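Here are some short exercises with worked solutions. Grab a viewer and work through them in order.

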Amino acid sequence: MRSASVGFHCPTCVKEGTKSTRQALTPYGGQRVADPRVTTIGLIALNAAVWLAVAGTGGRTSSLVDQLALLPDSAARQRADGSLVMIRGVDHGAWWQLLTSVFTHVEPLHIGFNMLALYFLGPMLETVLGRTRFLALYLASGIAGSAAVMVLSDPHGQTLGASGAIFGLMGALAVIALKVHGQVRSVLTWIGLNLVFTFTVSGISWQGHIGGLVAGAVLGTAMVYAPRSRRSLVQWGAVAVVLVVSAALIAARAAALT
């Protein structure tokens with residue numbers, strides 16, 4: 001028996017009571033978490049681990065980049081020693097690149113800016129959405145960004161980075177700010193500045209950014225405007241639709257390239 005303020009409690013009864021007690025929910029149906037930074041820190045740690053592995057095996061010339069970065073169409077590359085090597089792309093079965101590219105960086109500034117944005121955006125969104133919905137938003141936006149790269153970018157160019165997923169978080173944050181009558185202008189200004197940076201600086205994949213932003217806005221709308229009576233159905237249905245549409249676009253493009 002367990003000591004209590006009104007006598008003693010049976011351990012089995014306490015356990016069953018804990019199961020039946022409704023856990024506190026976030027404003028949009030997710031379960032509240034004790035520390036809303038956990039998922040964000042985990043994502044940052046994963047990105048950092050991949051970056052360290054790439055940096056430790058040659059950086060831009062690392063074979064890990066060829067395996068993890070998104071390459072729509074397989075292509076031959078010339079090595080420093082003059083030899084040619086064929087790099088496998090999505091069109092020849094390297095489907096994992098659609099997700100691994102979201103966690104792959106080479107340049108320190110690239111991962112630095114992305115992780116800084118994730119550090120500020122992640123806990124805010126996890127607080128209002130809950131852990132599973134936040135993680136679904138992040139990953140689905142990243143996949144949507146990869147789909148946009150597949151369809152719109154140079155098929156022989158490699159794309160990498162978490163920017164598509166980060167833009168997805170921005171899109172969702174804008175919708176949430178609109179829903180709660182928050183600082184919408186500030187959020188939109190921030191997104192606008194990032195888009196200006198996207199289209200004016202060379203070497204940046206605007207395709208991935210736009211794909212992630214659109215997906216994030218769609219998912220954010222489903223998350224916060226879903227009717228309470230069918231909230232989970234609408235929210236997870238929207239995630240499924242984004243993933244299915246992305247998969248269809250990716251498959252069609254890969255087939256065309258093959």
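**Exercise 1.** Is Val-151 buried, partly exposed or exposed?

*Solution.* Val-151 has a relative accessibility of 35%, so Val-151 counts as partly exposed. The classes go like this: buried is under 20% relative accessible area, exposed is over 50%, and partly exposed is in between (1.4 Å probe, protein chains only). On the chain, Val-151 sits in helix H6.

Some ground rules before going on. This is a predicted model, where local features need pLDDT of at least 70 and side-chain atom pairs count only at pLDDT 80 or more, while totals for chains, interfaces and linings use all residues. Residues are numbered from 1 along each chain as its sequence is written, and side-chain values use heavy atoms, with hydrogens and water left out.

**Exercise 2.** Find the nonpolar surface patch that holds Val-151, and say which helix gives the largest share.

*Solution.* Step one: list the members, which are Val-151, Leu-152, Phe-199, Trp-206, Val-241, Val-245 and Leu-249. Together they have about 630 Å² of accessible area (Shrake-Rupley method, 1.4 Å probe). Members of such a patch have over 30% relative accessible area and no salt bridge, with nonpolar side chains (Val, Leu, Ile, Met, Phe, Trp, Tyr) joined within 5 Å.
Step two: assign helices. H6 and H10 each supply at least two residues, and H10 has the largest share, with three.

**Exercise 3.** Lay out the fold along the sequence.

*Solution.* Count first: there are ten helices and four strands (DSSP runs numbered from the N terminus; helices are H or I with at least four residues, strands E with at least two). Then read off the order, β-β-α-α-α-β-β-α-α-α-α-α-α-α. Of the 258 residues, 43% count as buried.

**Exercise 4.** Describe the largest pocket: its volume, lining and centre.

*Solution.* Start with the volume, about 990 Å³. A pocket here is an open set of points on a 1 Å grid over the protein atoms alone where a 1.4 Å probe fits, with protein on both sides within 12 Å along at least five of seven lines; lining residues have an atom within 4 Å of a point. Of the 43 lining residues, His-110, Asn-114, Ser-163, Ile-204 and His-209 are the closest to the centre.
Next, the helices: H5 (108–129), H6 (131–152), H7 (163–179), H8 (184–200) and H9 (206–225) each give at least two lining residues, and H5 has the largest share, seven.
Last, the chemistry: 19 nonpolar, 21 polar and three charged (Ala, Val, Leu, Ile, Met, Phe, Trp, Tyr, Cys and Pro are nonpolar, Asp, Glu, Lys and Arg charged, and the others, Gly among them, polar).

**Exercise 5.** Now do the second largest pocket: what is its volume, and which residues are closest to its centre?

*Solution.* The volume is about 240 Å³. Of its 15 lining residues, Ala-144, Gly-211, Val-245, Ser-246 and Leu-249 are the closest to the centre. The lining divides into 13 nonpolar, two polar and no charged residues. H6, H9 and H10 (231–257) each supply at least two of them. Val-245 and Leu-249 also turn up in the nonpolar patch.

**Exercise 6.** How many salt bridges are there?

*Solution.* Two, taking a side-chain nitrogen of Lys or Arg within 4 Å of a carboxyl oxygen of Asp or Glu. One joins Arg-37 and Asp-35 at 2.9 Å, N to O. The other pairs Glu-126 with Arg-131, at 2.8 Å between the closest N and O atoms. Glu-126 is buried, at 1% relative accessible area, whereas Arg-131 is partly exposed, at 31%.

Terms used: Grid points are joined across faces, edges and corners, and a volume is the space filled by probe spheres set on the points. Patches are made of residues with over 30% relative accessible area and no salt bridge: like charges are joined within 9 Å, nonpolar side chains (Val, Leu, Ile, Met, Phe, Trp, Tyr) within 5 Å.
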